[in-house]
Amino acid sequence: MSLYQPFLDYAITLLQERLELREYPIPEDFEQKKTITGKGKKEQEVVTTSYGFASPKLRQIRAAHVEGGNSLQVLNFVIFPELNYDLPFFGADLVTLPGGHLIALDMQPLFHDRDYQHKYSQPILPIFEKYQKDLEWGGDFPEEAKPFFSPCFLWTRPQKTEVVETIVFSAFKDYLNAYLDFVDKVEEIIDRNRLTEVLNSQKKYLTYRAEKDPARGMFTRLYGAEWTEEYIHGFLFDLERKLAS
Ligand code: DBV
């Protein structure tokens with residue numbers, strides 16, 4: 001059972017239809033990583049598969065898909081725009097652990113001023129509201145993460161897998177399509193100051209996500225600390241390294 005495979009398949013097909021997609025290089029040891037956890041009857045293979053694409057306006061579109069049986073399924077899917085566009089990040093964190101499902105879906109803003117919200121949050125408020133009423137608020141999340149969310153942050157811990165397969169899947173499709181509408185429309189930034197602001201905001205976001213990656217514990221247990229740090233800084237949140245090289 002791979003709960004999030006349909007999400008991934010849908011996303012890749014849609015991206016191929018709507019963008020001029022090319023491959024984004026994935027460092028060698030990251031394309032697919034396998035391990036066996038547990039012993040005897042509890043033995044379980046855990047496979048992490050990585051996907052990377054880019055398009056003229058999107059620097060990196062990447063997914064990490066963890067499949068480890070019914071009680072370990074994760075799809076973390078993020079789109080990082082090129083630095084000469086003011087697009088938000090598309091962020092989906094779809095997590096199934098022994099304790100249940102945890103769903104985060106958002107278009108994470110670069111800025112919080114009214115113009116920016118008007119441009120990138122207001123148009124998706126109707127979509128947000130449509131789903132929010134059926135998805136109970138997921139409860140507390142780290143205070144320091146708040147600056148990185150938009151008013152359209154869907155954050156929920158569904159009790160039933162069926163809710164993930166239906167409502168959450170539908171929300172994921174709508175958010176991704178709405179995001180690609182923004183991509184279609186967005187115009188290149190020419191203004192020097194604005195470019196600097198975008199760069200700084202992207203760096204802040206990437207640094208935060210790399211430092212606080214909630215998957216660090218899981219990946220370290222599965223594949224060791226060295227692999228995990230490389231994976232985080234060399235692939236999942238690689239902007240700093242790309243700028244340095
Ligand atoms: N989260 C990532 C990456 C993952 C990943 C790259 C490749 O950023 C998985 C894997 N997220 C992941 C896992 C957990 C969470 C939790 C495995 C469970 C951690 C655990 O319980 O051991 C949203 N994800 C979370 C939490 C939040 C988010 C708020 C709970 C953390 C906590 O309670 O401390 N991640 C966070 C977020 C986005 C995101 C807002 C963007 C939409 O991707």
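Strand 6 supplies the largest share of the shell around the ligand, 4 residues. The model is predicted. The space taken by the ligand is the largest pocket. Two or more residues of the shell come from each of strand 5 (73-81), strand 6 (89-97), strand 7 (100-108) and helix 6 (216-223).

The shell is made up of 16 nonpolar, 3 polar and 3 charged residues. In total, 22 residues surround the ligand. Those that come nearest are Asn76, Asp93, Phe149, Arg209 and Asp213.

Polar contacts to the ligand involve three of these side chains. Arg209 places a polar side-chain atom 2.5 Å from an oxygen atom of the ligand. For Asp93, an N or O atom of the side chain lies 2.7 Å from a ligand nitrogen atom. Asp213 has a polar side-chain atom 3.4 Å from an oxygen atom of the ligand. On its own, the ligand has 850 Å² of accessible area, and the protein covers 81% of this area.

Aromatic pairing was examined next. The whole structure contains 31 aromatic pairs. One of them joins Phe219 and Tyr223. The centres of this pair are 6.3 Å apart, and the angle between the planes is 25 degrees. The pair counts as stacked because planes under 30 degrees apart fall in that class. Phe219 and Tyr223 both belong to helix 6. They are 4 residues apart in this helix, so about one helical turn separates them. Helix 6 is also among the elements that give two or more residues to the shell around the ligand.

Definitions and conventions
Residues are numbered from 1 along each chain as its sequence is written. This is a predicted model: local features need pLDDT of at least 70, side-chain atom pairs count only at pLDDT 80 or more; totals for chains, interfaces and linings use all residues. Side-chain values use heavy atoms; hydrogens and water are left out. A residue is near a molecule or strand if one of its heavy atoms lies within 4 Å of it. A polar contact is a pair of N or O atoms within 3.5 Å; within protein, one must be able to donate a hydrogen and the other to accept it, and residues adjacent in sequence count only if both atoms are side-chain atoms. Accessible areas come from the Shrake-Rupley method with a 1.4 Å probe; for residues, only the protein chains shown count as cover. On a 1 Å grid over the protein atoms alone, a cavity is a set of points where a 1.4 Å probe fits but cannot get out, and a pocket is an open set with protein on both sides within 12 Å along at least five of seven lines; lining residues have an atom within 4 Å of a point. A molecule sits in a cavity or pocket if more than half of its atoms lie within 2 Å of its grid points. Ala, Val, Leu, Ile, Met, Phe, Trp, Tyr, Cys and Pro count as nonpolar, Asp, Glu, Lys and Arg as charged, and the others, Gly among them, as polar. Rings of Phe, Tyr and Trp (its six-membered ring) pair if their centres lie within 6.5 Å; planes under 30 degrees apart count as stacked, over 60 as edge-to-face and the rest as tilted.
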